[in-house]
Amino acid sequence: MRFLKIAIQIAIMLLPWSMRRWFLVKCMGYDIHPTARVGKSIILSRKLIMAEYSRIGDLTFASGLEEIRLDRHSRIGKLNWISGFPLGPSRYFRDFPARYPLLHVGEHASIVNRNLIDCTDRVIIGKFSLLAGNRGQILTHGIDIRTSNQSCAPVKIGDYCMVGTACVVLKGASLPSYCILGAGSVLQKHYAEGFRLYSGVPAVSVKILAEDISFFRRSKGTSD
């Protein structure tokens, strides 16, 4: 069935967007606002919910998720690989019955290009936040060496955050609202203090940021 869905989406890829949207809504049951748009990409999540003026760029591939949700004016760019381990009976993740393969991109938030996002558990990108640059990774699962089994935990990026290029965000980590994660950093734990620059391997707080920084006061998109 998965390969059939891939084949069908490839077959309709060159059709005008109005015809492709009709197919995605009527045949795959997706909820796509008339002002939203999906580029020449393959989206295989069980649910796709796209609010007003949200966008998915070209050559993005998404599979294994229960749900992808884009709030209004949010964007997923080009050449992103978004994957998850599907729900259902499995010897993996048996100790995590509450996990939910979800990608939720808040209003006016953006995931730019060429990133790897693992949504075996929830990934939440807060409103007006930016996964910037490219080669970033978000990983919600990994092997627990104590049990020798797969484990998972959600990842959360707060509101008005910027995650720099080539960052790695590991399972269970969270970046508080109004924070910057410096390029090339590895975020591996939950932080609670906002208005901070976190940087390094592993990432730690290295600087307090002024609350009146323009990036934290935007009213639309990635910049005003």
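Seven strands make up an open sheet here, and reading across it the order is β3-β6-β9-β12-β15-β20-β23, with parallel pairing. The strands at its edges are β3, residues 42–43, and β23, residues 186–187, and since each of them has a single partner strand, one side of each is left without a neighbour in the sheet. I should say straight away that this is a predicted model, so please hear everything that follows as a description of that prediction.

Let me take one pairing from this sheet as an example. Strand β15, which spans residues 137–138, is joined to strand β20, residues 168–169, by two bridges, and the two strands run parallel. If you want to find the register on your screens, look for Q137, whose bridge partner in β20 is V168.

Also in this sheet is β9, covering residues 81–83, and W81 lies in that strand. Is W81 buried or exposed, or does it fall in between? Its relative accessibility is 45%, and W81 therefore counts as partly exposed. Leaving aside residues up to four places away in sequence, W81 touches F61, N115, L116 and I117. As for F128, it stands 47 residues from W81 in sequence, and the C-alpha to C-alpha separation between W81 and F128 is 21 Å.

Now to another sheet. Seven strands form this open sheet too, and the pairing is parallel, in the order β1-β4-β7-β10-β13-β18-β21. At the edges we find β1, residues 31–32, and β21, residues 174–175, and because each has a single partner strand, one side of each lacks a neighbour in the sheet. Within this sheet, strand β7, residues 67–70, and strand β10, residues 102–105, run parallel and are joined by four bridges. Across that pairing, L70 stands opposite V105 in β10.

Strand β7 also brings us to the charged side chains, since its range of residues 67–70 takes in both partners of a salt bridge, R69 and E67, whose side chains meet at 2.9 Å, N to O. The partners are not alike in their surroundings: E67 is buried, with a relative accessible area of 7%, whereas R69, at 29%, is partly exposed.

How many salt bridges does the structure hold? There are six, and I will go through two others. D121 forms one with R122, the closest N and O atoms being 3.6 Å apart; here D121 is buried, with a relative accessible area of 5%, while R122 counts as partly exposed at 30% relative accessibility. D144 forms another with R146, with 3.0 Å between the closest N and O atoms. In that pair, D144 counts as buried at 15% relative accessibility, and R146, at 75%, counts as exposed.

Let me turn to the helices, and in particular to α2, which runs over residues 17–26 and in which W17, R20, F23 and L24 are buried. Why can these four be placed on the same side of α2? They cover an arc of only 125° around the axis, and that is what puts them together on one side. In general, an α-helix has 3.6 residues a turn, so residues three or four places apart point the same way. On the other side of α2, by contrast, S18, W22 and K26 are exposed. What lies over the buried residues of α2 includes α1, residues 2–11, together with β1 and with β2, residues 37–38.

From helix α1 I would pick out Q9, which is found there and which is buried, with a relative accessible area of 4%. Again leaving aside residues up to four places away in sequence, Q9 touches L24, M28, S41, I42, I43 and L44. L24, you will recall, is one of the buried residues of α2.

That brings me to the empty space inside the model. Rolling a probe the size of a water molecule over the atoms shows where empty space is left. The structure holds two cavities of 30 Å³ or more, and the largest has a volume of about 50 Å³. Which residues line the largest cavity? They are Q9, I12, M13, R20, L24, G39 and S41. Among them are R20 and L24, which we have just met as buried residues of α2, and Q9, which we met in α1.

Notes:
Residues are numbered from 1 along each chain as its sequence is written. This is a predicted model: local features need pLDDT of at least 70, side-chain atom pairs count only at pLDDT 80 or more; totals for chains, interfaces and linings use all residues. Side-chain values use heavy atoms; hydrogens and water are left out. Two strands pair if DSSP finds at least two bridges between them. A salt bridge is a side-chain nitrogen of Lys or Arg within 4 Å of a carboxyl oxygen of Asp or Glu. Buried means under 20% relative accessible area, exposed over 50%, partly exposed in between (1.4 Å probe, protein chains only). The arc is that of the directions from the helix axis to the C-beta atoms. Contact means heavy atoms within 4.5 Å. On a 1 Å grid over the protein atoms alone, a cavity is a set of points where a 1.4 Å probe fits but cannot get out, and a pocket is an open set with protein on both sides within 12 Å along at least five of seven lines; lining residues have an atom within 4 Å of a point. Grid points are joined across faces, edges and corners, and a volume is the space filled by probe spheres set on the points.
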